[in-house]
Amino acid sequence: MTARRTPNGFEVDDSGRRVVVDPITRIESHRRVEVNLDADNVSRNAVSTGTMWRGLEVILKGRDPRDAWAFTQRICGVCTGTPALTSVRAVEHALAIEIPENANTIRNIMQLAQDFQDHLIHFYHLHALDPCVPWSIEDGVDA
Amino acid sequence: MTGCETFYDVIRRQGISRRSFVKFCTLTAAAMGLGEAHAGTIARALETKPRIPVLWLHGLECTCCSESFIRSAHPSAKDVVLSMISLDYTDTPMAAAGHRAEAILEEIRHEYRGNYIAAIEGNPPLDEDGMHCITGGRPFVDKLEEVCADAKAVISRGSSASWGWVQAARPNPTRATPVDTVVTDQAVIEVPGCPPIAEVMTGVITYIVTFDPLPTLDAQGRPQMFYSQRVHDKCYRRPHFDAGQFAESFDDAGARKGYCLYKVGCRGPTTDNACSTVRWNDGVSSPIQSGHGCVGCSEEGFRDQGPFDERLAHVGAFGVEANADRIGFAAAGAVTARIAVHAEASAVERMVHKPNGVAEDKNLASLDGGPR
């Protein structure tokens, strides 16, 4: 068995039956999953890797803090409002800005509306296919 | 694959009546601004032409283009994906994963060589030999070049694919590059916007399916039917602009009365898009209608033109109708006219600008001093 350490500290090896699913679909962005199955078909090692990097942290440096939301919002187009709201709170925290109670209420309504639509999208457009079409998950690449 | 079936065959099989089909064609013709006579053309095309396979690739992106697409109302995303085209590959709402997904890509690429549409969401990073975006175990840029080489048409979906957008913003750490810089031997239809309006995306596909030749493109490669007007032209707050009634900050009396948002950074006058007319979520609202100015997300280079809450051209207080009209008039036109706007605005600024610059940066001042 040969093993290799990934840059983020995970061990990838070629023991047993190695199953690779790449690309993982029905998620935002790009992902690869590797699993090692033993003789009893039990997974002994699993590594999940994000295979895309855009460097938004680098891009945000030196920008006007009022624009941060427009950039963090593009981390994920499925849950857009959440990173935007979080970045706005981070900026306000850094600058010790207190917001009025009404602003907080409006933000909570927006966030809950976001959660609501996000659950519908996740279930009906993305994850529901997994229980419906099981072959799509278990059928990886033997390597 | 169902390459020989037509749109009409498919919807009839799904139990949709002839009457509903004709209604759909009429609505779609209206949505594309084509008039009643073209409803027949659309109907004939959908009855006779085989469904086109579409391969939808994802590079450096956030999936907001797909999210927008599934909210299309006329035609609905369901009609487009399940009936009008044969959406054979897309990273997001596709059942298959791993090698099954990659096999579909190869199959379509070989069986329909020159007869499929490549829709690209996001863009390829070129630094480190494309290692910043890996899909199916190899750089996205390789997949992009292969798929586009054999396509009938390439659609750049969204500002990422069209202009580079957020990942290409200063300092562009991954050297994210617009699709048309990499794919040079194909006509690339740019459908910018972050995300593009849903009806614009489905409208472009309907047009290609119906009329076969690609839609008329403007100098920047965008379909003229959706990008020939500025957001400003049909903006419902336009009368306030013409009357010199502006919101000076987001919580003043002007903002509450729905005055023009130009002074708090609205990019409507320099942004070509259909937001004011088509709007979003089945015409419910648009960014300006919800109280924030247009950030110009469909314009090239807008990412580095912040702060978004400040005017692009620092025009002084010009709140009289004559000047506002002159600026509006100078702005009417294409890209070159925008330079004129800046010149005009600068001239106005020189005339009215106060020497000590007190009017500057109200927003920044309020950032330092407590609640906004």
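## A buried threonine with positive phi

At 1% relative accessibility, B:T63 counts as buried. This description is of a predicted model. B:T63 sits in the loop that runs between strand 1 (52-58) and helix 4 (64-69) of chain B. Although B:T63 is not a glycine, its phi is positive, at about 70 degrees.

Another residue of chain B with a positive phi is B:D282, which is not a glycine and has a phi near 60 degrees. Its loop lies between helix 14 (275-278) and helix 15 (321-331) of chain B. B:D282 has a relative accessibility of 49% and counts as partly exposed, since the partly exposed class ends at 50%.

## Helix 3 of chain B

Helix 3 of chain B covers residues 37-48, and its buried residues are B:A39, B:I42, B:A43, B:A45 and B:L46. Around the axis they take up an arc of only 165 degrees, so they lie on the same side of helix 3 of chain B. In general, an α-helix has 3.6 residues a turn, so residues three or four places apart point the same way.

The buried residues of helix 3 pack against four other helices of chain B: helix 1 (7-13), helix 2 (18-31), helix 5 (77-84) and helix 10 (198-211). On the face turned away from the buried side, helix 3 of chain B carries the exposed residues B:A37, B:R44 and B:T48.

## Prolines of chain B

Two cis peptide bonds can be described here. One joins B:R170 and B:P171, with omega at about 0 degrees. B:P171 belongs to the loop between helix 8 (158-163) and helix 9 (179-182) of chain B. The other runs from B:C194 to B:P195, and its omega is near -5 degrees. B:P195 is placed in the loop between strand 7 (188-191) and helix 10 of chain B.

The loop between strand 7 and helix 10 of chain B also holds B:P192. With a relative accessible area of 0%, B:P192 is buried. Which residues does B:P192 touch, leaving aside those up to four places away in sequence? They are B:G158, B:S159, B:S162, B:W163, B:R222, B:Y227, B:N273 and B:S298. From B:P192 to B:I208 is 16 residues in sequence, and the C-alpha atoms of the two are 17 Å apart in space.

## The fold and extent of chain A

Chain A has 6 helices and 6 strands. In sequence order, their pattern is β-β-β-β-β-α-α-α-α-α-α-β. The radius of gyration of chain A is 20 Å, well over the 15 Å that the globule rule gives for 143 residues, so chain A is more spread out than a compact globule. The C-alpha trace of chain A spans about 60 × 35 × 20 Å along its principal axes.

Among the contacts in chain A between residues at least 6 apart in sequence, 29% join residues at least 24 apart.

## Surface and charge of chain A

How much of chain A is buried? Of its 143 residues, 39% count as buried. Chain A exposes about 8400 Å², and 60% of this area is supplied by carbon and sulfur atoms.

Chain A has 15 positive and 20 negative charges. The mean positions of the two sets of charges are 6 Å apart.

Conventions. Residues are numbered from 1 along each chain as its sequence is written. Chains are lettered from A and ligands numbered from 1 in the order in which they are written. This is a predicted model: local features need pLDDT of at least 70, side-chain atom pairs count only at pLDDT 80 or more; totals for chains, interfaces and linings use all residues. Side-chain values use heavy atoms; hydrogens and water are left out. Helices (H or I, at least four residues) and strands (E, at least two) are DSSP runs, numbered from the N terminus. The radius of gyration is taken over C-alpha atoms; the globule rule is 2.2 Å times the number of residues to the power 0.38. Buried means under 20% relative accessible area, exposed over 50%, partly exposed in between (1.4 Å probe, protein chains only). Contact means heavy atoms within 4.5 Å. Accessible areas come from the Shrake-Rupley method with a 1.4 Å probe; for residues, only the protein chains shown count as cover. Lys and Arg count as positive and Asp and Glu as negative; His and the chain ends are not counted. The place of a charge is taken as NZ of Lys, CZ of Arg, CG of Asp or CD of Glu. The arc is that of the directions from the helix axis to the C-beta atoms.
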